[in-house]
Amino acid sequence: MCTLEKRGSIFFLTLTGASKKDQEHRLNPTLIAAIRAALSEVRSQAVPGSALVTRAEGRFFSNGFDLRHAQAVAAASTAADAAAAEVINMVNLFRGVVSDLLTLPMPTVAAVTGHAAAAGLILAISHDYVVMTKSRAVLYLSELDIGMSLPDYFTALIKGKVGSSAARRELALRAAKIGADAAVRMGIVDAAYDSAEEVAAAAVQTAEELGKKEWSGEAYAEIRKSLYPDVCGLLGLEEKTVFPSKL
């Protein structure tokens with residue numbers, strides 16, 4: 001599941017899990033709904049100077065969609081394509097998480113201290129900044145290895161966030177498991193640190209530095225959306241013009 005806490009102007013969204021299996025933070029309808037509820041709460045409390053840090057307990061930031069959940073749905077159904085239908089359902093539900101992060105009226109930082117695979121990688125790069133540990137984490141777009149095509153908004157987000165065509169090819173067409181140093185060189189991650197503790201501290205420092213600017217959250221969100229028109233178009237996010245309040 002997940003928890004939300006606020007310290008000063010910074011919101012901390014933490015993916016939690018009581019068991020080792022839960023700490024893979026696989027994205028099923030329940031976890032997706034919990035993340036969206038937390039982001040809705042963050043949005044409702046946003047003020048100039050707010051920032052979000054998203055982090056996760058355990059060895060994984062997120063291991064992508066919960067395919068075991070889809071298989072369980074299929075086992076309880078008589079429909080031949082029930083598992084595939086449930087994966088499609090999760091893909092559609094997760095659009096809301098990406099939309100929420102792209103429209104959140106504040107800077108966002110992903111503190112990646114564990115593996116981020118498939119939709120988990122997309123969750124990480126939906127943030128404005130990504131910091132990552134060198135010690136026990138890889139980025140892994142696993143769809144090619146499991147025989148699944150990429151949802152259209154995944155592809156659009158990757159194109160918007162990863163500037164190098166060679167890096168996108170390594171991610172998507174080689175299904176490479178990319179460590180933190182390589183991810184920095186490829187422009188996927190902003191900084192790499194030796195330990196999870198250093199990642200956590202760097203994420204907070206980044207959030208604090210950005211929060212001190214006390215920018216208009218509405219303007220920040222609209223400028224962010226303008227940087228990624230392809231994915232925002234696929235998600236149905238319309239741009240609007242924002243003017244200074246004292247104009």
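Contacts in this predicted model lean heavily on residues that sit well apart in the sequence: of those linking residues at least 6 apart, 73% join residues at least 24 apart. The protein chain is built from eleven helices and ten strands. Its radius of gyration comes out at 18 Å, close to the 18 Å that the globule rule gives for 247 residues, so the chain is as compact as a globular protein of that length. Along the principal axes, the C-alpha atoms fit in a box of roughly 60 × 40 × 40 Å.

Turning to the inside, buried residues account for 49% of the 247 residues. The largest nonpolar core takes in 61 residues, and I35, L52, F94, I122, L139, I188 and V231 have the most contacts inside it. Helix 3 (residues 82-103) puts in the largest share of this core, with eight residues. As for F94, once its neighbours within four places in sequence are set aside, it touches L27, I32, F65, A119, I122, L123, Y153 and F154. Another core, of eleven residues, lies apart from the largest one and includes F12, A111, V199 and A203.

Helix 10 (residues 217-227) buries G217, Y220, A221, E222, R224 and K225. These buried residues pack against helix 3, strand 5 (108-112), strand 7 (129-133) and helix 11 (229-234).

On the outside, the chain exposes about 11,600 Å², with carbon and sulfur atoms supplying 52% of that area. As for charge, there are 26 positive and 27 negative side chains, and the centres of the two sets are 2 Å apart.

Definitions and conventions: Residues are numbered from 1 along each chain as its sequence is written. This is a predicted model: local features need pLDDT of at least 70, side-chain atom pairs count only at pLDDT 80 or more; totals for chains, interfaces and linings use all residues. Side-chain values use heavy atoms; hydrogens and water are left out. A nonpolar core is a set of buried Ala, Val, Leu, Ile, Met, Phe, Trp, Tyr and Cys residues joined through side-chain atoms within 4.5 Å. Buried means under 20% relative accessible area, exposed over 50%, partly exposed in between (1.4 Å probe, protein chains only). Helices (H or I, at least four residues) and strands (E, at least two) are DSSP runs, numbered from the N terminus. Contact means heavy atoms within 4.5 Å. The radius of gyration is taken over C-alpha atoms; the globule rule is 2.2 Å times the number of residues to the power 0.38. Accessible areas come from the Shrake-Rupley method with a 1.4 Å probe; for residues, only the protein chains shown count as cover. Lys and Arg count as positive and Asp and Glu as negative; His and the chain ends are not counted. The place of a charge is taken as NZ of Lys, CZ of Arg, CG of Asp or CD of Glu.
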